[in-house]
Each structure stands twice: as C-alpha cells, then as structure tokens.
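Visitor: I am new to this structure and would love a tour. Could you show me around and explain the words you use?

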Amino acid sequence: MFLTTALRAVSILPFLFTFATAQTACNNSPSLCNKAYNNITHLGAHDSPFLRDQSTSFSTSGNQYYNSTVQLDAGVRLLSAQVHKVNNTSGASAWHLCHSSCDLLDMGTLEDWLSSIKTWMDKNPNDVVTILLVNSDNAAASDLGAQFQSAGIEKYAYKPSSATTIPKTWPTLQSLISSGTRLMTFVASLSQTSSDYPYLMDEFTFIFENDFENEDPTDYSCTPKRPTNLKTADEAASSGRMFLMNHFLYSTEFFGLQTPNATYVNTTNARTGLGSLGEQITKCTTVYSKPPNFVLVDFFNVGPAIAAVDAANGISSPQGRKTVSTAALQETDTSGVSRSQGNLVAVVVAIVAVIGFGM
C-alpha cells in the first residue's frame, strides 16, 4: 500500500514541476520565460534618468516623469542614459549622467544610478534588465567598468561568448535568470572593447537603430540609420543584429533648441493613432517579419507605452507590475505660468546671454 501511494506521488511530480515553472513570471509574464532574449520586445525608457518633475523644476530637457526604478516597477526593461565626463574643483574626473551638457541637466553620477538599479534587481530576481549607455565623452571600457564594479552591479552582468560575433541564438530569459546573468549592457559606442569588462558590449556590433531625429508623426521609419554601413532593411535583417526602434518626437524651440515633445505623447505612445507606437510596431513587424526587439520612448507612462509592447509580446495578463498614472505631470505656480514654460524661457535667456557676450 505504501509503495503504491509513493509511486503515485512520484508520478505526479513532473506535473507539479511543470505547473510551478509555468507560474514563474519572467519580466512580468510566464509566457516570456522560455523565449530567447532576442525574440521579445523590451520596452525602453529613452534618457531614463532625465526627469521632468519637481526635482528638476520641470526641466524641458527631461524625457521622463518618473525615475528609473519606478520605470522598472511599471514594466520598462531597457534604460538608456547619456554619460559625460565632469571635472570637479580638485581636478579629479567623474562620470555623470547629463542631458547633452552637464550645464543643462545633471542627474548625478553613473555609479549612483547603477547602484539604484542594482538595489532594484536585488529585490526582483526574476527580471532581465538592459542598460544602454550613450558614451558621449568616449569613456574607455575601464572607465565605465569601474563604475559597474563600484556599484556592485557587475555580478549580474551577462558576458557574451564573443565581443565581435553576433550570437545566432541568445539565451532565454529563464536561462539568464537561472545563471544569475540577467543584466545586459550595451554602450554606444566603445572604441575598444576589453576582456577585463566583457559585459560592456558595443551597441552597434549587436544592435541596429532606425532614425531618432523625428519631429512629425509621419517622420518615423523602419529603415536602419545606425550603424551607418547598413543602408537597407534587408541588410539590417541579414546582419543578425537586434532591432532597436526609436519612437519619440522632438519639438524645435527658439534658436533651434530641441526638446522632448510632451504635447503629442499621448498619441505617440498609444496603440492606435497617427504616428502611434502600436501602429509603428506593426509596420516594422511587416518589414522585418518579427516585432522590434526594443522600443525606446519618452514619458513611458503616457499612452501607456507598455500596452503596445504587451500586444507585441502577446501578453494579456502581466504579473507583478506596479501601476503608474498615465497622466503627464504638470505644475503651475501662482502666476499661472507652468514650470516647464518657465524653464524653457530660462534656457533661451541663457543662450541669448552667451550670444550677446560673444558678439
């Protein structure tokens, strides 16, 4: 009797294991666990650390309303940032996250930002995160790698088998999670990769992008723009690179100053509408016979952008996400002038002053 009962118990173990595995959500969905990293559409926050909120006096240079860890809580899985070299008063250099110029918008050190992402990853062990660094001041791999080491996030870094050869098959999310290598890091660009920091992957070795300079909802294209040696969609597809689809608009202000377009973003990030994220994903899916691997958006919460990405991934019931308001953040002072308008005026005044003194 005991033997019969034991055999019955053993016989159902595979079913219990399958059930438990199926209930484990990778990047907020069990259906993504067994999919390869390059067979998923990852939502990306363009210029992730650069905020348009009270902490920056609603700077018009800000691309997001909520910080990077809130973005991750809400389903963003790619964080991009610009890295600049800053010299302090003692002459020592540090690597900061700055929007175009550290005089315009400085969000602190790269190390601190990476530390905050590391803390989030500590608390969320079933998520694969991608970081894309724009190497604005040509940092060496050793410069950037030292920041990853100091932040303690290096332990999560995925190391490709080759720095120059594109994998035919990338690991599944589950394999990345199980092996503890669930941080993907790309740098645009690295003049020289380093065997000491193999996890710092040169972006354009592994990824191609469409044009990011768009000001009108009809400007979007699926044609590769970078790396520049790829001229057509066929060349991009046959290269084996993953596709990062830029999908955000700029507004051109006084003196040609470009700022993130927050006016149209409710449609830009929506599933439908002229120049919408959902419709552009569909167009590019037709071109490449698969959805983009990454989509990069401003003000991720508006739209919300995650809805179009869920549709691309076939996800209807995401697990473990935190809800973020889909409204744009606004603040008006007692004069009735919005902070964002006032900030833009301040930038223009600064430009006028520089031009004036230069004459």
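Guide: Gladly! This is a predicted model, and a good place to start is the largest pocket, which is lined by 28 residues. His-46, Asp-47, Gln-82, Phe-212 and Tyr-250 lie nearest its centre.

Visitor: What makes a residue part of the lining?

Guide: A lining residue has an atom within 4 Å of a point of the pocket. For the largest pocket, 28 residues line it, and its space comes to about 510 Å³.

Visitor: Which elements give two or more residues to the lining of the largest pocket?

Guide: They are strand 2, strand 5, helix 7 (203-206) and strand 11 (258-260). Strand 11 provides the largest share, three residues.

Visitor: How do the lining residues divide into nonpolar, polar and charged?

Guide: Eleven are nonpolar, twelve are polar and five are charged.

Visitor: Let us look at strand 2. Why is strand 2 said to pair with strand 5?

Guide: Two strands pair if there are at least two bridges between them. Strand 2 and strand 5 (residues 129-135) are joined by six bridges, so they pair, and they run parallel. As an example, Leu-79 stands opposite Ile-131 in strand 5.

Visitor: What makes strand 1 and strand 2 a pair?

Guide: Strand 1 (residues 42-45) has two bridges to strand 2, in the parallel sense. At least two are needed, so these strands count as paired. Here Ala-45 has Leu-79 of strand 2 as its bridge partner.

Visitor: In which sense do strand 2 and strand 3 run?

Guide: Strand 2 and strand 3 (residues 93-98) run antiparallel, joined by five bridges. Asn-87 stands opposite Ser-93 of strand 3.

Visitor: How many residues of strand 2 are buried?

Guide: Seven of its ten residues are buried, and the strand is mostly covered.

Visitor: His-84 is in strand 2. Why is His-84 called buried?

Guide: Its relative accessibility is 8%. Buried means under 20%, so His-84 meets the definition.

Visitor: How do you know that the side chains of His-84 and Ser-136 make a polar contact?

Guide: The cut-off asks for N or O atoms within 3.5 Å. The contact joining these two side chains is 3.3 Å, so the distance fits.

Visitor: What else does His-84 touch, leaving out residues up to four places away in sequence?

Guide: Besides Ser-136, its contacts include Ala-94, Trp-95, His-96, Cys-98 and Asp-137. Ser-100, Ser-101 and Cys-102 are touched by His-84 too.

Key:
Residues numbered from 1 in each chain as written. Predicted model: local features only at pLDDT ≥ 70, side-chain atom pairs only at ≥ 80, totals over all residues. Heavy atoms only, no water. Helix = DSSP H or I, 4+ residues; strand = E, 2+ residues; numbered from the N terminus. Buried < 20%, exposed > 50% of the residue type's maximum accessible area, 1.4 Å probe, protein only. Polar contact = N/O pair within 3.5 Å; in protein donor to acceptor, adjacent residues only side chain to side chain. Contact = heavy atoms within 4.5 Å. 1 Å grid on protein atoms, 1.4 Å probe; cavity = no way out; pocket = protein on both sides within 12 Å on 5 of 7 lines; lining within 4 Å. Points joined across faces, edges and corners; volume = space filled by probe spheres on them. Nonpolar A, V, L, I, M, F, W, Y, C, P; charged D, E, K, R; others polar.
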